[in-house]
Amino acid sequence: MGVVIIDGSTVRDFVSDEAQFKKSVDERFAAFDLNNDGVLSRGELRKAFESMRLLETHFGIDVATTPDQLSQLYDSIFEKFDCDRSGTVDVEEFRAEMKKIMLAIADGLGSSPIQMALEDGDENLLKRAADLEASKSNSKASS
């Protein structure tokens, strides 16, 4: 278990580093693409969000959400990601929506730093942002 500290500029810098952001998001997309067909189905995207438990908790505390409410929520998320209404989410659509989400997180954080406790092996995008920031700091310190 480790702790990282991030703020809005950490997240924004990560998103603006196009190569790192694309690589990180594409890796998440590939992990979510369970049948390796190059697109995310409604079920695959739902499984991805279920695995992150973003919608069933509020600041780490379980919240009571009925199965119907969750289904409606997952359907609305899928509709948001499926920009071309093809019934699947391709990597470009996924990347574009993840960019919007990350920038919204950056706006929400502003200049207020937060601490995040991460489990070993956790590879979420906020951790990647913190890792990128740390690598920049380390290269400046060794220069």
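Colleague: Let's start with burial: what share of the 143 residues in the protein is buried?
Modeller: Keep in mind that this is a predicted model. A residue counts as buried when its relative accessible area is under 20%. By that cut-off, the buried share of the 143 residues is 31%.

Colleague: And how much area does the protein expose?
Modeller: Carbon and sulfur atoms supply 54% of the exposed area. The total that the protein exposes is about 8,700 Å².

Colleague: What pattern does the protein follow, read along the sequence?
Modeller: There are 6 helices and 6 strands to place. Going along the sequence, they come in the order β-α-α-β-α-β-β-α-β-α-β-α.

Colleague: Among contacts between residues at least 6 apart in sequence, what share joins residues at least 24 apart?
Modeller: A contact here means heavy atoms within 4.5 Å. Taking the contacts between residues at least 6 apart, the share that joins residues at least 24 apart is 66%.

Colleague: Which element gives the largest share of the largest nonpolar core?
Modeller: That core has 31 residues, and Leu45, Phe81, Phe94 and Met102 have the most contacts inside it. Strand S1 (2-6), helix H1 (8-16), H2, helix H3 (42-52), H4, H5 and helix H6 (125-142) each put in at least two residues. The largest share is 6 residues, and the element it comes from is H5.

Colleague: Which residues do ring pairs link into a cluster?
Modeller: The structure holds 5 aromatic pairs. Through ring pairs, the cluster takes in Phe29, Phe32, Phe49, Phe81 and Phe94.

Colleague: How many residues apart in sequence are the parts that the pair of Phe32 and Phe94 ties together?
Modeller: Phe32 and Phe94 pair edge-to-face, with 6.0 Å centre to centre and 80° between the planes. Phe32 sits in helix H2 (residues 18-32) and Phe94 in helix H5 (residues 91-109), so the parts tied together are separated in sequence by 62 residues.

Colleague: Is Phe94 buried or exposed?
Modeller: Leaving aside neighbours within four places in sequence, Phe94 is in contact with Val25, Arg28, Phe29, Phe32, Leu40, Leu45, Phe81 and Val89. Its ring partner Phe32 has a relative accessible area of 11% and is buried. For Phe94 the relative accessible area is 2%, which is under the 20% cut-off, so Phe94 is buried.

Colleague: Moving on to Asp82, which backbone nitrogen does its side chain reach?
Modeller: Asp82 belongs to the loop between H4 and S5, yet it is buried, with a relative accessible area of 2%. Setting aside neighbours within four places in sequence, its contacts are Gly87, Thr88, Val89 and Glu93. At 3.1 Å, the side chain of Asp82 reaches the backbone nitrogen of Ser86.

Colleague: What separates the C-alpha atoms of Asp82 and Glu97?
Modeller: Asp82 and Glu97 are 15 residues apart along the chain. Between their C-alpha atoms the separation is 9.3 Å.

Colleague: Which residue has its backbone oxygen reached by the side chain of Arg85 at 2.5 Å?
Modeller: Arg85 is in the loop between helix H4 (67-81) and strand S5 (89-90). A polar atom of its side chain lies 2.5 Å from the backbone oxygen of Asp82. The other backbone oxygen to name, also at 2.5 Å from the Arg85 side chain, is that of Glu79.

Colleague: Is Arg85 buried or exposed?
Modeller: Exposed residues are those over 50% relative accessible area. At 54%, Arg85 is over that cut-off, so Arg85 is exposed.

Colleague: What is the phi of Asn36?
Modeller: Most residues other than glycine have a negative phi. Arg85 has a positive phi near 55° without being a glycine. Asn36, in the loop between H2 and strand S2 (39-40), is exposed at 65% relative accessible area. Asn36 is not a glycine either, and its phi is positive, at about 55°.

Colleague: Last one: how far apart do the end C-alpha atoms of residues 69-104 lie?
Modeller: In its unreviewed entry, UniProt lists residues 20-55 and 69-104 as "domain: EF-hand". The span 69-104 is 75% helix and 6% strand. Its end C-alpha atoms are separated by 23 Å.

Terms used. Residues numbered from 1 in each chain as written. Predicted model: local features only at pLDDT ≥ 70, side-chain atom pairs only at ≥ 80, totals over all residues. Heavy atoms only, no water. Helix = DSSP H or I, 4+ residues; strand = E, 2+ residues; numbered from the N terminus. Buried < 20%, exposed > 50% of the residue type's maximum accessible area, 1.4 Å probe, protein only. Polar contact = N/O pair within 3.5 Å; in protein donor to acceptor, adjacent residues only side chain to side chain. UniProt positions renumbered as here; feature names shortened; annotations may be inferred. Areas by Shrake-Rupley, 256 points an atom, 1.4 Å probe, with all protein chains shown as cover. Phe/Tyr/Trp six-rings, centres within 6.5 Å; stacked < 30°, edge-to-face > 60°. Core = buried A, V, L, I, M, F, W, Y, C linked by side-chain atoms within 4.5 Å.
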